[in-house]
Amino acid sequence: MIKDEKIELKEFYEIRKDVLQTWPTGRNVSIEEGIKFHRTIPEERRFALVMSKARKKRLTLLQPRAGVALIDDHIKLLRYLETEGQADLLPTTIDAYTRQNRYEEAEKGIERSKQTGSSMLNGFPAVNYGVEGCRRVVESLSKPLQIRHGTPDARLLAEITLAAGFTSFEGGGISYNIPYAKRVPVEKSLGDWQYVDRLVGLYEENGVKINREPFGPLTGTLVPPCISIVSGIIEGLLALRQGAKSITLGYGQGGNIIQDVAAIASLRELAEDYFHRAGFDDFELTTVFHQWMGGFPEDEAKAFSVIAFGAIVARLSGAEKVIVKSPHEAMGIPTKEANAQGLRTTRQAINMVEDQVVLHPEDIRIELELIKKEVHCLIDKVYELGKGDIAIGTVAAFEAGVLDIPFAPSIYNHGKIIPMRDNEGFIRIFNQGNLPLSDEIMAYHRERLNERARAEGRPISFEMVTDDIYAISKGKLVGRPR
Amino acid sequence: MEKEKDTIVIGVIGSDCHSVGNKILELFFTSEGFKVVNLGVMVSQQEFVDAAIETNAKAILVSSLYGHGEIDCQGFRDLCIEKGLDSIILYVGGNLVVGKTPVSVVEEKFKKMGFDRVFPPDIDLKQVAELLRQDIKERFGSSSKEQEAKDQSEQDSQPDQKNPGDEGSQNNLTGQDNQNNMKEPEGFKVK
């Protein structure tokens, strides 16, 4: 059974033998060689250091998502985002076949991309290229590089890309399973991510800091802040246990400015608190704000507005990093030009609010206190279910529906909670499913939703949820009746 | 006797895990009077075809949001024919290729692959339901007696047959076990 304990090195190396055999490029991966290479990477290309500086200087750094099938094209794309897009941090987004460990299909995608001359994959198939191919990417760029994906079992991907010189790795056992997979048991993904974090810990023990970033937005669809925050704190705790020290916790824009600013503030405060309570003191915590993750307007002019709005709120929230969308979001994978446009839109918006004082008026405080209460309800229950062990508790919590992520594809998720927007666009919980939120909290959510029902002259209904899901792509925040 | 509902199979193909739209399609087509067999996300061609055979479906509606649709859908029609589904209606919709591409180019690509209709992501669902009813009528006529008899006997022998791939979490948005003032979805306003 899974436990929140540091994996013994002997056990780690035993698992490792099997992991490296799952695809030919795994055979010669050397952690020792990887560590040596990392020591040669200049400071300005080390993710953890750059994030740490952003925290001290109170900056909000810009990072796009990007990845294509062929190495040379991928390098070209990232260079373009570096120069034309002025990105502060670079990604390498992994294709969907690799995320499901379907390397044969990724291979076919590479072949077909070579034939057609355009990318037939929605990301970079890093495993198929192995350490050598990935290192070509690392050596071609001058900004810190992170692997961004959605992989329930990312052990081989982590082995290869960290050895190649990537300095940050996104994901976690909850956030890269429940929203990204159908039939992966929570216990399995938590265990596989303990391996990834142990690997990060191993680099750390050798003086190489790898930044770890749990994926905050989850399904990106009306996710109440408390759910996202709890997931991030749990994944942060699990990563710290295995020896990771640079943690960036994320949150996806909900749409209401007050709620979003309060969410980042409470995320930071709560994570610090829970990490210290669990006995961790030697860590560096930063935050990342994801611009709107739901459906986008097709009209590029409108899409720019969604991007700029996300940029402004990211800045107001004080997050150290913002993940940037492109005006092609409604149509899928953007061209490099569209991607760079998203970055420039974001830069302009951030620059315009950068020096403005962030006010913490009463309503931000109210929302912050509410989120904190909710998170305490949820995490306390997870600890209780695990009899003090957060890993055991997390498995039990998903079984019981105590943790429940709306609209997720996983069969191991209850999918019973129903979120919707209140009259001011705050994401509230209508049906709590089995979430152990107190009556007082639920009464507040209900009251705010009733306000909307009264204003719209219709009863609270499922129609409101579907209206809300499509609202932003159709030009508004709240899905009002037409 | 009440008219037998037409069965359709829906799902998201390949390694695609976009689940939100899939849940909404299930609710929408159910509210439009179809019997919906929802296979959920990450469905292989074989699973689509098996489910269509098993449930005697008239149409398969394939979704793809992540850009690999072109690879995932190769040979779909051939597999249908190979398995004896000669006249099944095939629809596909979503963000089907990597990168912004004119709708007409995408449509031509997928029609060549044997799909009857190809839809962009912002299609009016009401329109799709209308086209689907027309296409079913054209291809199958108003249910032949044979068809009806077959449907009926299947219905009788397996009254509580569960949809394949329906493992609890798929039907969770119908509001059945929700608090009292939650209304079932009625008309959908998805554009």
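Helices α10(A) and α11(A) are roughly parallel to each other, a label given to angles under 35 degrees, while over 145 counts as roughly antiparallel, 65 to 115 as roughly perpendicular and the rest as oblique. Their axes come within 10 Å and cross at roughly 30°. Here an axis is a line fitted to C-alpha atoms, for helices over the stretch in contact, and angles run from 0 to 180 degrees between N-to-C directions. Among the residues making the contact are I229(A), G232(A) and G236(A) of α10(A), and A263(A), L267(A) and L270(A) of α11(A). Two residues are in contact if their C-beta atoms, placed from the backbone, lie within 7 Å. Helices (H or I, at least four residues) and strands (E, at least two) are DSSP runs, numbered from the N terminus.

A word on the source: this is a predicted model, where local features need pLDDT of at least 70, side-chain atom pairs count only at pLDDT 80 or more, and totals for chains, interfaces and linings use all residues. Residues are numbered from 1 along each chain as its sequence is written, and chains are lettered from A and ligands numbered from 1 in the order in which they are written.

**The core**

The largest nonpolar core has 205 residues. Such a core is a set of buried Ala, Val, Leu, Ile, Met, Phe, Trp, Tyr and Cys residues joined through C-beta atoms within 7 Å. I160(A), V230(A), V382(A), V9(B) and I60(B) have the most contacts inside this core. Helix α10 of chain A, residues 225-241, gives the most to the core, with ten residues. Leaving aside neighbours within four places in sequence, I160(A) touches residues including T25(A), V29(A), V127(A) and C134(A).

**Helix α14 of chain A**

Helix α14(A) covers residues 362-385, 24 in number, and reaches 35 Å from its first C-alpha to its last. That is close to the 34 Å expected at 1.5 Å a residue, the expected span being 1.5 Å times one less than the number of residues. Buried residues of α14(A) include L368(A), I371(A), L378(A) and V382(A). What covers the buried residues of α14(A) includes α10, α11, α15 and α16 of chain A.

**Chain B and its partner**

Chain B has seven helices and five strands, in the order β-α-β-α-β-α-α-β-α-β-α-α along the sequence. Of its 191 residues, 41% count as buried. How many residues of chain B are in contact with chain A? There are 36, and they meet 44 residues of chain A. Helix α1(B) gives the most to this side of chain B, with three residues.

**Backbone turns and surroundings**

Most residues other than glycine have a negative phi. Q86(A) and M42(B) have a positive one, although neither is a glycine. A residue is buried if 20 or more other C-beta atoms lie within 10 Å of its own, exposed if 12 or fewer, and partly exposed in between, with C-beta atoms placed from the backbone.

| Residue | Phi | Place | C-beta atoms within 10 Å |
|---|---|---|---|
| Q86(A) | about 55° | loop between α4 and β2 of chain A | 14, partly exposed |
| M42(B) | about 50° | loop between β2 and α2 of chain B | 22, buried |

Is H276(A), in helix α11 of chain A, buried or exposed? H276(A) is exposed because 11 other C-beta atoms lie within 10 Å.
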